[in-house]
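Trainee: I am new to this structure and would like a close look at one part of it. Could you walk me through how the helices pack together, and then through the loops beside them?

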Amino acid sequence: MSYEPTLYEESSIVSQWHSIYRFGHSDGFSNIASSDYNTAMNYIEGTLFIGLFLLSVFVVFSVIIFLRDCGCKKNCQRMDSIKESDLVWKLVAFSSLGIIEGVCIILYLAIGTPLAQSTLDTAMNTNEEANSILYEIDSALFTIDTIGTDAISTRDLLLGDLQNFCPNYEDIDEAFNINLQDTVDKLILSLEDLANFATFQSENLREDVDLAIETNDEVADGLNQLEESYTGVAYTFISITFLFLYLSAGSILELTGVKNIVMKQMTSLLALPLLFLVLLFSVFLAGFFSSSSIMVADFCNGGTSPASPAASIIAILDERDYKNRYIDDGIDYFLIRNCAGEFPYDFLTQFLDELEAAATTADEFSTTINQIGIETVNMLCEQDISSIVDDVTTFTTTTVEELMVLTTSLTSDGGLLTCERLLPLYEEGVHEGICSDFMSVWNATFFVMLSIFILGLTMLIVRPVDNGTSKVSSMEEEHNETINVKNETQKRKEPIVSAYDNAGIEIEI
C-alpha cells in the first residue's frame, strides 16, 4: 500500500464542545440515528441547554426592561432634567456598544464568511468526488453481475463440451508426446472454480454501495440547504450591522446637540423594537449553532479514546442494524484499521485470481491445439472439435478478460476500492472539513451571535429612558411657550396705546 493514512487528532474546539455538560443526557452521537424516539430525543435535549439558557436570559431581561420602561411613564426623570454627566455616559456607552457590534459583524463578514464559503465548497467538492467514485463502483459491480450471470450458462455448455472433447487422448499422447487430457482437465477445473462468477457477492456489495450513494445524496442536499441558509444569515448580519450603526448614529447626534426629530421618532418607534427582534433572532441562532457544534463535536469525538469520527460512523451502522455487512467491514478496514489486516472484499481478489487462472489455462489449451494442429486433432479424436476451440477462445477473450478488467479497476493499486482512492476523500472531507474547518466556522459564528446578544442586551439596559418627553420636544415646548408669552404681552399693550391715541396723548413704548 503506497498511501500512508494520517491519524485523526482531536482539536481543542472539538474537545471543548464535546465536554459540554448534558445534565444526565447522552453524549453519544449515534443515538440520533436510533429507531427509538426516546433515545434520539434524549440525546437532542442534551444539546439544547445553551440555547434554552440564552432564551431564559432574554425573556427575564425583556420583562425587566419592559417594566422599567412602563414605570418610566410616571416615575422617570425627563432627559433634559437628568444630570448631564449621566446622560452623556449613557449616550456614549450606547453608541460605543453599537459601533463595536457593527465592527465585529463587519470583521466576521470580511473574514469568517469567505472561510465558511470555502469550507462549504470543499465539502461539496469532496462529496461530488465521493459520489462519482461510488457510481463508478456501482457501475462496475452491476456489469460484473450482468456479465457473470450470462457467463454461467455459457461456461456450463463449455464444460459439457470439454468433458466429451476427445475419446482418444492416448493416441495424441503417443503420437506427439503431449498430454492433451491434462490440459483439458486443467481448463475444466479452472472454469468450475469460477462457480457463480461472484454474482452473489457483487450483488450484496452493490446493495451497500447503493446505500452509500443514498446517504451521500442526502449529505449533498444538506450541504446545499446549509449554503442557502448561511447566505441568508450573511444578509441578515448586514441588516443587523446597519441597525446597530443607525442606533449609534442617533446617540452621537444627541451628544453633539444636533436636532433630528425624524431620527429620534424612528428610533423610538421602529429601531428599538427591531433591536428586540434582533436579540430574539440572535438567541435562536446562537442556540442553533451551539447545538450543531455540540453534535458535530460528538461525531468527531466518537466516544472513544483516542477520538475517532470513524467510531461514530460504525456506531450509527450498529444503530441501523447494518452490522456484519460489507459496508460495516469496509468502514472498519479503511477507517478504523487504516487499511491494515485482511481486505474486506477479498472475494474480488479471489475472483480475479480465478479469472486469471481460467485465462491462463485457456491460453495453454489453445496453444496445445495449435501445436498439434486442429486438423490432426479432429482426425485423432474422430470428431470436429473446431467449434469447441473457437468457443473457448471467444469466452476467454471477451467474457473472462472483460471481467478481469472490471475487477482490476476495483482492487488494483489506485483502484476504486483501495485506500489510495478512498482514504484521501475521507480525510479531506471528515478530518479536515467537518472536524476542523467546519467546527472553526461554526464556533466563530456562535460567538458572533452570542456577542450580538450580549452587547445588544447591554445597549437596551444602558439606553437613556425618560417619561416619553425627549430633549428635543422639551426645547420645542420652551420655544413655543416663549412665543406665546410675547404674543400675550403684545395683546395687552395694544388697548393701552389705542386709549392714549384717542385722548391725543403721545407716548413712547
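**Helix α11 and its two partners**

Mentor: Happy to! Please keep in mind that this is a predicted model. Let us start with the whole chain and then move in. The protein chain has 15 helices and zero strands. Of its 509 residues, 44% are buried. If you take the contacts between residues at least 6 apart in sequence, 82% of them join residues at least 24 apart.

Now to the part you asked about. Two packed helices are described by the angle between their axes and the distance between the axes. Let us use that description for α11, which spans residues 346-372.

Begin with α6, residues 180-193. Helices α6 and α11 pack with their axes 9 Å apart and at an angle of about 155°. Angles over 145 degrees count as roughly antiparallel, so α6 is roughly antiparallel to α11. Their crossing is left-handed. On the α6 side, the residues that meet α11 are Leu-180, Thr-183, Val-184, Lys-186, Leu-187, Ser-190 and Asp-193. On the α11 side, the residues in this contact include Glu-354, Ala-357, Ala-358, Thr-361, Ala-362 and Phe-365. Sorted by character, the residues of the contact of α6 with α11 divide into eight nonpolar, four polar and four charged.

Next comes α13, residues 386-411. The axes of α11 and α13 come within 9 Å and cross at roughly 155°. That angle makes α11 roughly antiparallel to α13. The crossing of α11 and α13 is left-handed. From α11, the contact residues include Leu-348, Phe-351, Leu-352, Leu-355, Ala-358, Ala-362, Phe-365 and Ile-369. They meet residues of α13, among them Val-389, Val-392, Thr-396, Val-400, Leu-403, Met-404 and Thr-407. The contact of α11 with α13 holds 15 nonpolar, seven polar and one charged residue.

It is worth finding a few α11 residues in both lists. Ala-358, Ala-362, Phe-365 and Ile-369 are in the contact with α6, and these residues are also in the contact with α13.

From α6, follow the chain into the loop between α6 and α7, where α7 covers residues 199-256. Phe-197 is in this loop, and Ala-198 lies there too. Phe-197 has a positive phi of about 55° although it is not a glycine. Ala-198 also has a positive phi of about 55°, again without being a glycine. Are these residues buried or exposed? Phe-197 is buried, with a relative accessible area of 0%. Ala-198 counts as buried at 6% relative accessibility, because the cut-off for buried is under 20%.

Another loop has a detail of its own. Between α8 (261-301) and α9 (309-319) you will find Pro-306. A cis peptide bond joins Ser-305 and Pro-306, with omega about 0°.

Finally, look at how one helix divides its sides. In helix α2, residues 37-46, the buried residues are Ala-40, Tyr-43 and Gly-46. They cover an arc of only 130° around the axis, which puts them on the same side of α2. An α-helix has 3.6 residues a turn, so residues three or four places apart point the same way. The face of α2 turned away from the buried side carries the exposed residues Tyr-37 and Asn-38.

Notes
Residues are numbered from 1 along each chain as its sequence is written. This is a predicted model: local features need pLDDT of at least 70, side-chain atom pairs count only at pLDDT 80 or more; totals for chains, interfaces and linings use all residues. Side-chain values use heavy atoms; hydrogens and water are left out. Buried means under 20% relative accessible area, exposed over 50%, partly exposed in between (1.4 Å probe, protein chains only). Helices (H or I, at least four residues) and strands (E, at least two) are DSSP runs, numbered from the N terminus. The arc is that of the directions from the helix axis to the C-beta atoms. Axes are lines fitted to C-alpha atoms, for helices over the stretch in contact, and angles run from 0 to 180 degrees between N-to-C directions. Angles under 35 degrees count as roughly parallel, over 145 as roughly antiparallel, 65 to 115 as roughly perpendicular and the rest as oblique. A crossing is left-handed if the near helix is turned anticlockwise from the far one by less than a right angle, and right-handed if clockwise. Contact means heavy atoms within 4.5 Å. Ala, Val, Leu, Ile, Met, Phe, Trp, Tyr, Cys and Pro count as nonpolar, Asp, Glu, Lys and Arg as charged, and the others, Gly among them, as polar.
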